[in-house]
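This briefing walks through selected side-chain contacts, buried positions and surface features, grouped by topic. Please keep the sequence and the structure open alongside the text while reading.

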Amino acid sequence: MITGNIQKTTSYRIVLPFYLYAALSFLVACIMLLLFSDSLQFHHFNPRTLAITHIMALGWGTMIILGASYQLVPVLIEGKLYNNFMAYLSFVFAGLGIPLLVYGFYSFDMGLPMQVGGILINLAIFLYLANLAKSLYDSKTKNVHATIVFTAIAWLFATTLLGLLLVYNFNIKILDQDSVRYLSIHAHIGIAGWFLQLVIGVGSRLIPMFLISKYTNRNLLWQIYVLVNFGLILFISFDLFGVHPMAHFITIGLILLGIGGFIFYCKKAYDQRIRKKVDEAMRLSLLSVIMLALPIIALLIFILVMNLISSNGSLANLYGFLVFFGWLTAIIIGMTFKTLPFIVWNKVYHDKAGNLRTPNPKDLFNETVFKISALSYIFGFIMFSIGLVYNQQLILNTGALLLLATAILYNFNVFKIFLHKPVDQ
Amino acid sequence: MKVKNNNPEKCTEALFALAEVIDPEIGLNVVDLGLIYQIDFFEEERKIQVSMTLTTQFCPMGESIVNNVTRAIADKFQKYSVNTMLVFDPPWEPARITPEGKEFLEGN
């Protein structure tokens, strides 16, 4: 008999479809990157670049984070997920909405499919926000990690809502100016408000946990929270009121300080870890923390050479690439293999535990394939970035090919975990 | 960390059995990880009371670790009923890891 507060985790039936959807989205995005790598040498507001960006931001980044957070947020808030059906529904709405939206961008038609896609995505995110808000409200724990994560989700909803407004604004005059004018705000509340804060909120809890580190520093996390959010609000204000581009140094400086604080936090957690040997998945996740600074550095260059932008549109694309194919992809690839094997292991073995000798969760995927995919990813990422800087098609294609190889190997391992059957004794 | 008990001899046997129960993520057994707080034997009722914790209250592997602990004790002491109580006060902290556990983690 077992007594005490043992909390059942969120059902794998809710979480796994998100992982599968994300893995396939990553593959599709990498195929498109290879086929249309030349598009990234032009202005970022072009159909193919927009299609790839939204597959990466929504199909890959957001879908896997939604799935993982349904599993991990109960750990952060020390409570349970409020409603499973709402979580299912968010998958269905987002799963249907994303291809419609991407099709709209690809065909550059802001008509019905894109509008319906946008509405479905917003419904999904609203359900996600409401579900986690109620879970947090019901939980006794109101900690800094949960606050950061909840704020990130609120920014996500702001991002998708603004995105929907921008889609409609192409056909009906809703906003003061053309939709393209607001793209920068739309992109940055998504990047800094949603992705960056989510990574900080979850990473600051999970990284010390996986490393078995003694380090905690709530004050630092609160400071990071204020810096990122204040920086972002200032960025939006500056952008709306049209201040001189150099003023953005202030906003970038604040966010960079926040990122620096998070890198410092992770470094301290790493230094004070008890578990000395760090596995490959964790190494890639830690590498992604350092990669956080790259897009900001690119943004600084972007501002410093603002006069060159008209002749070198690929710098904006480089910034987007560093965000979506850089730190975001690195942390997702790393964290996939720190979470998915455990979810499937629990599904397959939780009734059998103790009755037979079970494999370790990390045995559910092929580590050699993971190592090759990590190398392929790092080289692909570096080559494609160089290709964007120098506008070299051959280097772009080589980089894209390596990233496609990464996506194929990633999918191989993800499906290997999904299809895992109990080991016969 | 010392495990409280009311029967040192049987507690040693129980801990020996629990050394087979591994935290799947960390790869270390629950005894060296310091998850076991107390094991009491009640001879008249033929009952064993295990008090344990988890590294985090909502550990996704928690249910399976607790099941394994209960099963390992039940297998070792088949004439007893086992009650495993999960507690989070005091919460687990890395200082609870035994020197053997630390040695394992430093090498792994």
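A search of the whole structure, which is a predicted model, finds 0 disulfides over all chains. For orientation, a disulfide is a covalent bond between the sulfur atoms of two cysteines. The salt bridges, by contrast, come to a count of 5 over all chains, and some of them are described below.

**Cysteines**

- Cys30(A) has a relative accessible area of 0% and is therefore buried, since the cut-off for that class is under 20%.
- Cys11(B) also falls in the buried class, because its relative accessibility is 3%.

**A salt bridge in chain A**

- The side chains of Asp239(A) and Arg181(A) meet in a salt bridge, with a distance of 2.9 Å from N to O.
- This pair links distant parts of the chain, 58 residues apart: Asp239(A) belongs to helix H7 (residues 218–241) of chain A, while Arg181(A) sits in the loop between helix H5 (144–169) and helix H6 (183–211) of that chain.
- The two partners fall into separate accessibility classes, as Asp239(A) counts as buried at 13% relative accessibility, whereas Arg181(A) is partly exposed with a relative accessible area of 25%.

**A salt-bridge network in chain B**

- Lys10(B), Glu43(B) and Arg46(B) are linked in a network of salt bridges.
- In one of its pairs, Lys10(B) forms a salt bridge with Glu43(B), and the closest N and O atoms are 3.0 Å apart.
- Lys10(B) lies in helix H1 (residues 8–18) of chain B and Glu43(B) in the loop between strand E2 (36–42) and strand E3 (47–52) of chain B, so this salt bridge ties together parts that are 33 residues apart in sequence.
- Glu43(B) also forms a salt bridge with Arg46(B), where the closest N and O atoms are 3.5 Å apart.
- The members of the network are partly exposed, with relative accessibility of 22% for Lys10(B), 34% for Glu43(B) and 36% for Arg46(B).

**Contacts of a buried serine in chain A**

- Ser213(A) is found in the loop between H6 and H7 of chain A, and its relative accessible area of 11% places this serine in the buried class.
- The side chain of Ser213(A) reaches the backbone nitrogen of Tyr215(A) at 3.2 Å.
- A polar atom of the Ser213(A) side chain also lies 2.8 Å from the backbone oxygen of Ala269(A).

**Helix H9 of chain A**

- Helix H9 (residues 280–291) of chain A has 12 residues, and the 16 Å from its first C-alpha to its last is close to the 16 Å expected at 1.5 Å a residue.
- Buried residues in H9(A) include Ala281(A), Met282(A), Leu284(A), Ser285(A), Leu286(A), Ser288(A), Val289(A) and Met291(A).
- As background to such a list, an α-helix has 3.6 residues a turn, so residues three or four places apart point the same way.

**A nonpolar surface patch**

- Which residues make the nonpolar surface patch of about 370 Å²? The patch is made by Ile382(A), Ile386(A), Val389(A) and Tyr390(A).
- Of these, Ile382(A) has its place in helix H12 (residues 367–390) of chain A, and this isoleucine counts as partly exposed because its relative accessibility is 40%.

How values were computed
Residues numbered from 1 in each chain as written. Chains lettered and ligands numbered in written order. Predicted model: local features only at pLDDT ≥ 70, side-chain atom pairs only at ≥ 80, totals over all residues. Heavy atoms only, no water. Helix = DSSP H or I, 4+ residues; strand = E, 2+ residues; numbered from the N terminus. Expected span 1.5 Å × (residues − 1). Buried < 20%, exposed > 50% of the residue type's maximum accessible area, 1.4 Å probe, protein only. Patch = residues over 30% accessible without salt bridge, like charges linked within 9 Å, V, L, I, M, F, W, Y side chains within 5 Å. Areas by Shrake-Rupley, 256 points an atom, 1.4 Å probe, with all protein chains shown as cover. Salt bridge = Lys/Arg side-chain N within 4 Å of Asp/Glu carboxyl O. Disulfide = S-S within 2.5 Å. Polar contact = N/O pair within 3.5 Å; in protein donor to acceptor, adjacent residues only side chain to side chain.
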